[in-house]
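This report describes the secondary structure, strand pairing and surface of a protein chain. Please read it alongside the sequence and the model.

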Amino acid sequence: MHVSDLTKSRAFYEKFLGEDPVKVKQGYVKFLPDWAPVNLALSTGGPGGAGTIDHVGVQVDSVETVIAQLARVKAAGLPVTEEMGVNCCHANQDKFWVKDPDGVEWEVYHLNYDVEGEEAVGVRPSGLTMVAATASACCGGTSCAS
């Protein structure tokens with residue numbers, strides 16, 4: 001979600017969720033509250049302005065789950081965008097994207113590991129596409145979460 005004042009939003013969500021963020025970077029704060037199945041990532045500004053939702057993310061427990069859900073969604077005839085082994089939002093991830101009829105982007109992803117800077121692409125299962133992406137291209141636009 002893009003916010004107008006990251007400091008104020010962080011303070012609000014710390015109170016609302018009752019927990020500190022799990023990740024804090026320049027222009028980025030991430031919450032994973034123990035009590036709720038939500039992954040709330042806040043970013044400064046954005047093309048839609050403050051208060052807009054960038055996309056909705058579904059974090060899954062394994063790369064195999066990403067691959068299984070990707071196959072299921074493709075079999076259902078929905079267009080997808082695959083991103084395997086991308087460095088995005090300060091982490092390496094395997095993921096895919098779909099858009100709902102109103103253009104809301106949904107990301108199904110597995111967080112492989114956290115990264116600092118723009119380094120490290122992990123070993124991918126055979127047959128998957130690798131896409132190189134930077135955190136700035138990903139987190140500041142409409143195709144990142146986590």
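## Basis and overall architecture

Helices (H or I, at least four residues) and strands (E, at least two) are taken here as DSSP runs, numbered from the N terminus. The model is a predicted one. On that basis, Val-104 falls in the loop that links strand 7 (91–99) with strand 8 (105–114).

Three helices and eight strands make up the secondary structure of the protein chain. Their order along the sequence is β-α-β-β-β-β-α-β-β-β-α. The protein chain has 146 residues, of which 38% count as buried. Its exposed area is about 7,900 Å², and 57% of that area is supplied by carbon and sulfur atoms. Where contacts join residues at least 6 apart in sequence, 54% of them link residues at least 24 apart.

## The four-stranded open sheet

An open sheet is formed by four strands in the order 1-4-3-2, with mixed pairing. Strand 1 (2–3) and strand 2 (23–25) are the edge strands; each has a single partner strand, so one side of each lacks a neighbour in the sheet.

Strand 1 pairs with strand 4 (residues 40–44) in the parallel sense, over two bridges. Within strand 4, Thr-44 is the residue opposite Val-3. Helix 1 (residues 6–17) lies across strand 1, strand 2, strand 3 (28–31) and strand 4, and runs at about 165° to strand 4.

## Strand 7 and its two hairpins

Strand 7 is largely enclosed by the rest of the structure, because eight of its nine residues are buried. Strand 7 pairs with strand 6 (residues 81–88) in the antiparallel sense through seven bridges. Glu-82 has Phe-96 of strand 7 as its bridge partner. The hairpin of strand 6 and strand 7 has two residues between the strands, and Cys-89 in this turn has a positive phi of about 50°.

Strand 7 also runs antiparallel to strand 8, to which nine bridges join it. Among the facing residues are Lys-99 and Glu-105, the latter in strand 8, and Lys-95 has Tyr-109 of strand 8 as its bridge partner. Five residues separate the two strands of this second hairpin, where Gly-103 in the turn has a positive phi of about 90°.

## Strand 8 and strand 5

Strand 8 is also joined to strand 5 (residues 56–59), by four bridges and in the parallel sense. Gln-59 stands opposite Tyr-109 of strand 8. Tyr-109 is also the bridge partner of Lys-95.

## A nonpolar surface patch

Which residues make the nonpolar surface patch of about 220 Å²? The patch is made by Val-58, Val-104 and Trp-106. Val-58 lies within the residue range of strand 5, 56–59, whereas Trp-106 lies within that of strand 8, 105–114. Val-104 belongs to the loop between strand 7 and strand 8.

Is Val-104 buried, partly exposed or exposed? Val-104 has a relative accessible area of 33% and is therefore partly exposed, since that class lies between buried, under 20%, and exposed, over 50%. Membership of a patch requires over 30% relative accessible area, and the 33% of Val-104 satisfies this requirement.

Definitions and conventions. Residues numbered from 1 in each chain as written. Predicted model: local features only at pLDDT ≥ 70, side-chain atom pairs only at ≥ 80, totals over all residues. Heavy atoms only, no water. Patch = residues over 30% accessible without salt bridge, like charges linked within 9 Å, V, L, I, M, F, W, Y side chains within 5 Å. Areas by Shrake-Rupley, 256 points an atom, 1.4 Å probe, with all protein chains shown as cover. Salt bridge = Lys/Arg side-chain N within 4 Å of Asp/Glu carboxyl O. Buried < 20%, exposed > 50% of the residue type's maximum accessible area, 1.4 Å probe, protein only. Pairing = 2+ DSSP bridges. Contact = heavy atoms within 4.5 Å. Axes fitted to C-alpha atoms, helices over the stretch in contact; angles between N-to-C directions.
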